[in-house]
Every structure is written in structure tokens, then in C-alpha cells.
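Here is a short report on a model to be read alongside its coordinates. It covers helix packing, a sheet, enclosed space and some backbone details.

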Amino acid sequence: MSDGTATTTTDLDVRLEKHRVELTGYCYRMLGSSFEAEDAVQDTMVRAWRSYDKFEGRSSLRSWLYRIATNVCLDMLTAGNKRARPMDLTESTPLAQAALSPRPDHTWLEPTPDSRVLPTTDDPAEAAVAKESVRLAFMAALQQLPPKQRAVLILREVLAWKASEVAELLGTSVASVNSALQRARATLSEQRRPGEDAAVSDPLDEEQQKLLDRYVAAFEGYDMTALTALLHEDAIMTMPPFDLWLTGAGDITGFMTTMGAPCAGSRLVPVQVNGLPGFAQYKPDPEAGGFTPWAVQVLEISGGRITGFHCFLDTKRWFPLFGLPLHLEAEADEVEQGV
């Protein structure tokens, strides 16, 4: 390989890499899976690299990459799998009947770190739309759309592409794009559950930050009275990969003091997840000492209360994705107190 070719190859790699985060966000919205999104983007990059000599520059490099990524995602979605949350699949279970029944990984809508799917921008409005469009409720609604409607809605509503640009990307007409967008909007409106429009400021306002501080104190202290005061009366708790979900502060705290009792004494580490506040939960490790990973928690907030409390338990997958350690040492004062 000549020096000129090497330089060109390096330059292309840099140009492609500039689009990785936004493409990952697009593929994540399409697929509902952090890991499948990473695979789709890698496939997109490889296809682009291999066929770059055929890229004639009739569109921008960015548009060309989105066309490839769309085709990759549509191919991956031909199996028809719709990722979901527990409340999309079953009815709420009373605490007295609670049972932990796991379902396969491909069932579930997956969490994702903000840093992997939200490109940096100086435009606050653009940043707000991007965050709202990866929140769990919106993502779950997206999964109910047919794949091409999903692509149209994301490109038009989230990424603000013109109808003509989307039509060119999909190889269809502007009228077809507008019709698909109208149907997608109608479906999303039907899918919206009461109280799911999480009202989270960016950055968090003072009241929301105080709510989170009180939540951390209540959870780490395993103070159910304090936690009850923070939960909305219709708050929902989910725990993928289990299909169980609970409604209401009484059942949630009841679960935490019975089946969830080993979580007493946990430590919470803040994470930015799905455009929402979240925490990596480490519970005490009685064998090795210190704390062991237990869940990535995603919190939905509205009206000064926590409305959604979603715990993703597959820590061997999630903690490395978020760059989190797989063990926390106990603090010195905890060791002295035998905590």
C-alpha cells in the first residue's frame, strides 16, 4: 500500500468515525437494542468502507451512511421481533402473586448510555429532542411501528430531515413518506400511556436534583417510608429480564422488603441513561465483601414524583457497556462498622 493510499484510507476512517455516535442513536431507535445497534453501525461502516469507490457524491457522505444504516436495520428487522417492556406484554401483577419469570434477551427493550447515542450539540432544542427520543416510553412506542414507518418517523421527527430527503433515501415518493409519517404519529398517540411523558429538565432543575438526592438517601438507607413519599401513587417498577411489573408504592416497597430484601445496604452510582437520570446499583457482597453489581436503574419523573422505576438486571452485559466496575470496595468506615 502506497503512502497516498494509506493517507486516503486513514482520512476515510476519520470521516466515517465522525458519524458513529449519531448512527448508533439512529440504529438504537430502529432496533431497540444497544448491542444490535453497535453491530448495525459496525456493519454500516464496513459496507461504506468497501463500497466507497462507488460513492459518486450525488448526496452527502452523511446521507449515504444513513441509507446504508437504514438498509442494515431493515434487514435485521425482517424477523419481525418487537422489543418491549414488561407492561407491553402482561398485566400488572399484585404483590401477593409476584413471581420472577425470565424471558429471553431478545424480548426486551434495552437501556443505553447517553454517550453512545446522543451526539454533542450546541443547540439546546436539538439536544432536548434527541434525549426525548431515546427515553424508554418513546422507544417502546417506536417498536410498535412497522420498520419503514419507524425509519420515516425517526428521520422526519427526530433528525428533522425533509420529506424529499427521506423519500430519496427510501427510494419512494414524498406522498408515501407523508402518509407513513401520518400513520406513525397516529400509532404513537394511541400507544402513549397516562403519565409516561417524563418531564425531565436538561440539566436537571433544582427540584428534580433534590428529588434524586432524596431518592438516593432513601434507597441506600432502605427507608421505605421515605421512598413511598417520593413515588407517584401509580408508579411502575419493572425488572427485565423478568416479565413481572408492579404498580403503586405499596406493592413496590412491599416487594423491596420481601423478595428484594437482599438489596438493603446497596450503593448507587449515577449514570446517564436513555436521556433520563439513572443509577448503577451495587448490593452488598457477603462472600467477597464490598459490593457487587445488581442493576442499572432508570428513573422516570413527572410532577415532582418518581413515576417509573426500571431495573435492568443483566449486569454482566450492562455494567461493561456503561464503563462501570464489576466490584465496589467498601468504604473504610463501613469496614470498621462491619457493614
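At what angle do helix H9 and helix H11 pack, and how far apart are their axes? The model is predicted. In it, H9 spans residues 147-158 and H11 spans residues 174-191. They pack at an angle of about 95°, and the axes are 9 Å apart. Angles of 65 to 115 degrees count as roughly perpendicular, and H9 and H11 are therefore roughly perpendicular to each other.

The contact draws on both helices. H9 brings Gln 149, Val 152, Leu 153, Arg 156 and Glu 157. From H11 come Val 177, Asn 178, Ala 180, Leu 181, Arg 183, Ala 184, Arg 185 and Leu 188. Sorted by class, the contact of H9 with H11 holds seven nonpolar, two polar and four charged residues.

The chain after H9 has a backbone detail. Ala 160 sits in the loop between H9 and helix H10 (163-170). Ala 160 is not a glycine, yet its phi is positive, at about 60°.

**The sheet**

Six strands form an open sheet with mixed pairing. Their order is S2-S1-S6-S5-S4-S3. Why is one side of S2 and of S3 left without a neighbour in the sheet? Strand S2 (242-247) and strand S3 (267-273) stand at the edges, and each has a single partner strand, so one side of each has no neighbour there. From one strand to the next, the twist averages 20°.

S3 pairs with strand S4 (residues 276-284) in the antiparallel sense. Seven bridges join S3 and S4. In one of them, Val 273 has Leu 276 in S4 as its bridge partner.

A helix also meets this sheet. Helix H14 (residues 249-256) lies across strand S1 (231-239), S2 and strand S6 (305-312). H14 runs at about 45° to S1.

The loop between S1 and S2 contains Pro 241. The peptide bond from Pro 240 to Pro 241 is cis, with omega near 20°.

**Enclosed space**

Rolling a probe the size of a water molecule over the atoms shows where empty space is left. How many cavities of 30 Å³ or more are there? The count comes to two.

| Cavity | Volume | Lining by class |
|---|---|---|
| Largest | about 80 Å³ | seven nonpolar, no polar, four charged residues |
| Second largest | about 50 Å³ | seven nonpolar, two polar, one charged residues |

Which residues line the largest cavity? They are Asp 105, Trp 108, Leu 109, Glu 110, Pro 111, Pro 240, Pro 241, Phe 312, Asp 314, Arg 317 and Trp 318. Both prolines of the cis peptide bond are thus named in this lining.

The second largest cavity is lined by Ala 84, Arg 85, Pro 86, Trp 108, Leu 109, Leu 136, Thr 238, Pro 240, His 310 and Phe 312. Trp 108, Leu 109, Pro 240 and Phe 312 appear in the linings of both cavities.

How values were computed:
Residues are numbered from 1 along each chain as its sequence is written. This is a predicted model: local features need pLDDT of at least 70, side-chain atom pairs count only at pLDDT 80 or more; totals for chains, interfaces and linings use all residues. Side-chain values use heavy atoms; hydrogens and water are left out. Axes are lines fitted to C-alpha atoms, for helices over the stretch in contact, and angles run from 0 to 180 degrees between N-to-C directions. Helices (H or I, at least four residues) and strands (E, at least two) are DSSP runs, numbered from the N terminus. Angles under 35 degrees count as roughly parallel, over 145 as roughly antiparallel, 65 to 115 as roughly perpendicular and the rest as oblique. Contact means heavy atoms within 4.5 Å. Ala, Val, Leu, Ile, Met, Phe, Trp, Tyr, Cys and Pro count as nonpolar, Asp, Glu, Lys and Arg as charged, and the others, Gly among them, as polar. On a 1 Å grid over the protein atoms alone, a cavity is a set of points where a 1.4 Å probe fits but cannot get out, and a pocket is an open set with protein on both sides within 12 Å along at least five of seven lines; lining residues have an atom within 4 Å of a point. Grid points are joined across faces, edges and corners, and a volume is the space filled by probe spheres set on the points. Two strands pair if DSSP finds at least two bridges between them.
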